[in-house]
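Here's a quick tour of a small report's worth of geometry. Have a look at the model first, then read on.

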Amino acid sequence: MTTPKFPIGTQFKTRGRHPRLCTVVDIHWTYNSDNELVKMRYVATHVVMGQIIMEYDVVETTIAMGLVKCP
């Protein structure tokens, strides 16, 4: 089993013209029938016009590129 690189509560900004501040809220693990880990994805949330939007397929690289550094 692989240890996740980013813990729950990690904040990151998305890339692009209008970056959003996202927060990791969960980690999804997918296993095949031989009980081997197939993929690991993060679940992140951000707010748009007062509504909480959840993204269920966030990869580790996206978080690493937009990681928010706390002073």
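Is M49 buried or exposed? At 83% relative accessibility, M49 counts as exposed; the cut-offs are under 20% relative accessible area for buried, over 50% for exposed and partly exposed in between, with a 1.4 Å probe and protein chains only.

## What you're looking at

This is a predicted model, so local features need pLDDT of at least 70 and side-chain atom pairs count only at pLDDT 80 or more, while totals for chains, interfaces and linings use all residues. Residues are numbered from 1 along each chain as its sequence is written, and side-chain values use heavy atoms, with hydrogens and water left out.

## The overall layout

The chain has four strands and one helix, and from the N terminus on they come in the order β-β-β-β-α. Both kinds of element are DSSP runs numbered from the N terminus: helices are H or I with at least four residues, strands are E with at least two. Along its principal axes, the C-alpha trace spans about 45 × 30 × 20 Å.

Of the 71 residues, 23% count as buried. The accessible surface comes to about 5,400 Å², and carbon and sulfur atoms own 54% of that; these areas come from the Shrake-Rupley method with a 1.4 Å probe, and for residues only the protein chains shown count as cover. As for contacts (heavy atoms within 4.5 Å), take those with a separation of 6 or more: residues 24 or more positions apart account for 32% of them.

Then there's charge. The chain has 8 positive and 6 negative charges, and their mean positions sit 16 Å apart. Lys and Arg count as positive, Asp and Glu as negative, with His and the chain ends not counted; each charge is placed at NZ of Lys, CZ of Arg, CG of Asp or CD of Glu.

## How the strands pair up

Start with β1 (residues 11–13) and β2 (residues 21–31), which pair in the antiparallel sense over three bridges. Pairing here takes at least two bridges found by DSSP between the two strands. Q11 has T23 in β2 as its bridge partner.

Next, β2 pairs with β3 over eight bridges, again in the antiparallel sense. Strand β3 covers residues 37–48. Two of the links are easy to pick out: W29 is bridged to M40 in β3, and D26 is bridged to V43 in β3. On the other side of the chain order comes β4 (residues 51–58), joined to β3 by six antiparallel bridges. V47 finds its bridge partner there in I52.

## Two hairpins and their turns

The β2 and β3 hairpin has five residues between its strands. In that loop you'll find N35, with phi near 65 degrees, a positive value in a residue other than glycine. N35 is exposed, because its relative accessible area is 60%.

The hairpin of β3 and β4 has two residues between the strands. M49 is in the loop there, and its phi is positive as well, near 50 degrees, in a residue other than glycine. As for the opening question, M49 counts as exposed because its relative accessibility is 83%.

## Two buried neighbours in β3

Where does H46 sit? H46 is in strand β3, and it counts as buried because its relative accessibility is 6%. Its side chain makes a polar contact with the side chain of R20 at 3.3 Å. A polar contact is a pair of N or O atoms within 3.5 Å; within protein, one must be able to donate a hydrogen and the other to accept it, and residues adjacent in sequence count only if both atoms are side-chain atoms. Beyond its neighbours within four places in sequence, H46 is in contact with R20, L21, C22, Q51, I52, I53 and E55.

T45 lies in β3 too, and it counts as buried because its relative accessibility is 16%. Leaving out neighbours within four places in sequence, T45 touches L21, C22, T23, V25, I52, I53 and M54.

## Over at the helix

Helix α1 runs over residues 60–65, and A64 lies in it. A64 is partly exposed, because its relative accessible area is 40%. From A64 to R20 you cover 44 residues in sequence and 15 Å in space, C-alpha to C-alpha.
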